[in-house]
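Visitor: I'd like a close look at one spot in this protein, and then a sense of how the rest is put together around it. Could you walk me through it?

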Amino acid sequence: MELGMVGLGRMGANMAQRLVRGGHRVVGFDPSEAARSAAAGRGVAIATDLAGVVAALPAPRTLWLMVPAGAPTDATLTALLPLLAPGDTLVDGGNSNYQDTLRRAADCAGHGLTLIDCGTSGGIWGLDHGYSLTLGGDAERVRALQPILATLAPAADRGWAHVGPVGAGHFAKMVHNGIEYGLMQAYAEGLAILARKPEFDFDLQQVASAWSDGSVVRSWLLERIVGMLAANPRLDGVAPVVADSGEGRWTVAEAIALDVPAPVITAALIARLRSRDAHAFGDRLLAALRHEFGGHALPRD
C-alpha cells in the first residue's frame with residue numbers, strides 16, 4: 001500500500017520507517033530539510049512540499065499526518081485541502097483534541113474527503129515494538145487502512161482497534177494519556193519514599209527490577225524506570241520539572257464535564273503544574289500565614 005506521511009519528526013519518521021520495512025511505499029514531507037534528509041536515509045521517498053506528496057500518490061490517496069496538535073495541524077490541513085480530491089483520506093495520528101477533530105472532520109467532509117483520527121502510542125520505541133492505535137471514523141475507510149494498521153501495530157491482530165465514530169480515537173488517546181499521568185506519578189512517589197529511608201539504603205534500580213518480574217505492578221513503564229536508574233541511579237543532571245502536553249488537562253476537564261471522579265489523574269496533573277512553579281508563591285504564602293497566626297518558624301530563602 002502507498003501513503004503519504006506528513007511530519008517526519010522522530011515519531012513520524014519511525015512510523016514511516018516501520019511501514020517501509022513492512023513493504024509499503026511511503027512518500028514523506030516535513031518543513032525541516034534535516035528531517036527530510038534523515039527520513040530519506042530510512043527508505044522514505046521524499047517530496048519537497050505538500051503538493052509533491054499528493055502528486056506522488058495514486059488516487060484515491062491516503063495521507064497520514066504526524067503534526068503537532070493545534071495550529072500546526074490546522075495550517076497543514078488548510079494547505080492540503082485544495083490539493084486533494086474527493087475520495088481521498090486523511091489520518092490525523094497526532095495528539096489532537098477530539099473537539100478539534102470533530103470540527104476538522106466536518107471541514108474535510110465539505111470537500112468530499114474523509115478524516116480518520118488515530119490515537120497513537122508507542123513513542124520512540126514503536127519502531128521496533130509497534131504502536132498502539134485507536135481509530136475513530138468511517139468503518140469502511142478504517143478497513144481499507146488495515147494493511148497499514150497491521151504493519152504499524154505490534155501484530156496484525158492486536159494493538160489497534162476501530163473504537164467508534166470520528167473523534168473517538170483521539171478521545172480514547174486522551175484518556176490513555178491521563179492514565180499514564182497517574183501511573184507515572186505513583187511510581188515516582190513510591191520510589192521517592194524508598195529513597196527517603198536511609199537506614200535501609202535501598203538500591204532503587206534493584207527494587208524496581210524485582211518489581212518488574214512477576215509483581216502486580218510490573219509494566220513497560222517500570223521497565224523504563226529500571227533502565228534509567230541503571231544508567232543514572234541518582235538521576236544526576238535531571239531537573240525536577242515535569243512538562244505536560246495537554247492531554248492530562250483535557251482528560252480532567254472531560255471528567256468534570258461528565259461528572260466522573262478522577263482524583264488520581266487530577267492529582268498527577270497538579271503535581272506536574274507544581275513542579276514548574278519555581279517561585280511557589282502559594283507555598284510561601286502558607287509558610288507566612290502559619291507564622292502569622294501561630295508564631296511558627298518562618299523559613300527564609
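Visitor: Let's start with Arg42: what is its relative accessibility, and what does it count as?

Guide: Keep in mind that this is a predicted model. Arg42 comes out at 28% relative accessibility, so it counts as partly exposed. The cut-offs are under 20% for buried and over 50% for exposed, which means that a value in between earns the "partly" label. To find Arg42, look in the loop that runs between helix H2 (33–40) and S3. Leaving aside residues up to four places away in sequence, Arg42 touches Ala13, Asn14, Gln17 and Val20. Gly130 makes a handy landmark farther along the chain: 88 residues separate Arg42 and Gly130 in sequence, and their C-alpha atoms are 17 Å apart.

Now follow that loop into S3, and you land on the sheet. The sheet is open, with eight strands in the order S3-S2-S1-S4-S5-S6-S7-S8 and mixed pairing. S3 (45–46) is one of the edge strands and S8 (160–164) is the other, each pairing on one side only. In general, strands of a sheet pair through backbone hydrogen bonds, and they can do so parallel or antiparallel. S6 (residues 114–121) and S7 (residues 132–136) take the antiparallel option, over five bridges. If you want a residue to check there, Asp117 stands opposite Gly136 of S7.

Helices lie on this sheet too. Helix H4 (residues 71–80) lies across S1 (2–6), S4 (62–65) and S5 (89–92), and runs at about 160 degrees to S4. H9 also packs on the sheet, where it touches S5, S6, S7 and S8, and its direction makes about 20 degrees with that of S6.

H9 is worth following, since it has helix partners as well. Two packed helices are described by the angle between their axes and by the distance between those axes. For H9 (residues 168–195) and H10 (residues 204–211), the angle is about 135 degrees and the axes are 10 Å apart. That angle makes H9 and H10 oblique to each other, because it falls outside the ranges for roughly parallel (under 35), roughly perpendicular (65 to 115) and roughly antiparallel (over 145). The crossing of H9 past H10 is right-handed. On the H9 side, the residues in contact are Leu191, Leu194 and Ala195, and they meet Leu204, Val207 and Trp211 of H10. Sort that contact by class and you get six nonpolar residues, with no polar and no charged ones.

The other helix pair has H9 against H13 (residues 263–275), at an angle of about 70 degrees and with axes 8 Å apart. H9 is therefore roughly perpendicular to H13. H9 brings Gly178, Ile179, Tyr181, Gly182, Met184 and Gln185 to the contact, and H13 brings Val264, Ile265, Ala268, Leu269, Ala271 and Arg272. By class, the contact of H9 with H13 has eight nonpolar, three polar and one charged residues.

Back at H10 for a moment, Leu204 has a spatial neighbor you can use for orientation. Ala230 is 26 residues from Leu204 in sequence, and the two C-alpha atoms are 9.0 Å apart. Ala230 sits in helix H11 (residues 220–231). With a relative accessible area of 51%, Ala230 is exposed.

A few backbone oddities are worth a click while you're in there. Most residues other than glycine have a negative phi, and most peptide bonds are trans. Against that background, Ala59 and Pro60 are joined by a cis peptide bond with omega of about -10 degrees. Pro60 is in the loop between helix H3 (50–55) and S4. Asp259, though not a glycine, has a positive phi of about 60 degrees. Asp259 is in the loop between helix H12 (247–257) and H13, and it is exposed at a relative accessible area of 69%. At the other end of H13, in the loop between H13 and helix H14 (281–294), you'll find Ala280. Ala280 also has a positive phi, near 45 degrees, but at 19% relative accessibility it counts as buried.

Finally, zoom out. The chain comes to 14 helices and eight strands, and its C-alpha trace spans about 75 × 40 × 35 Å along the principal axes. Of its 301 residues, 39% count as buried.

Note on methods: Residues numbered from 1 in each chain as written. Predicted model: local features only at pLDDT ≥ 70, side-chain atom pairs only at ≥ 80, totals over all residues. Heavy atoms only, no water. Axes fitted to C-alpha atoms, helices over the stretch in contact; angles between N-to-C directions. Helix = DSSP H or I, 4+ residues; strand = E, 2+ residues; numbered from the N terminus. Left-handed = near helix turned anticlockwise from the far one by under 90°. Contact = heavy atoms within 4.5 Å. Nonpolar A, V, L, I, M, F, W, Y, C, P; charged D, E, K, R; others polar. Buried < 20%, exposed > 50% of the residue type's maximum accessible area, 1.4 Å probe, protein only. Pairing = 2+ DSSP bridges.
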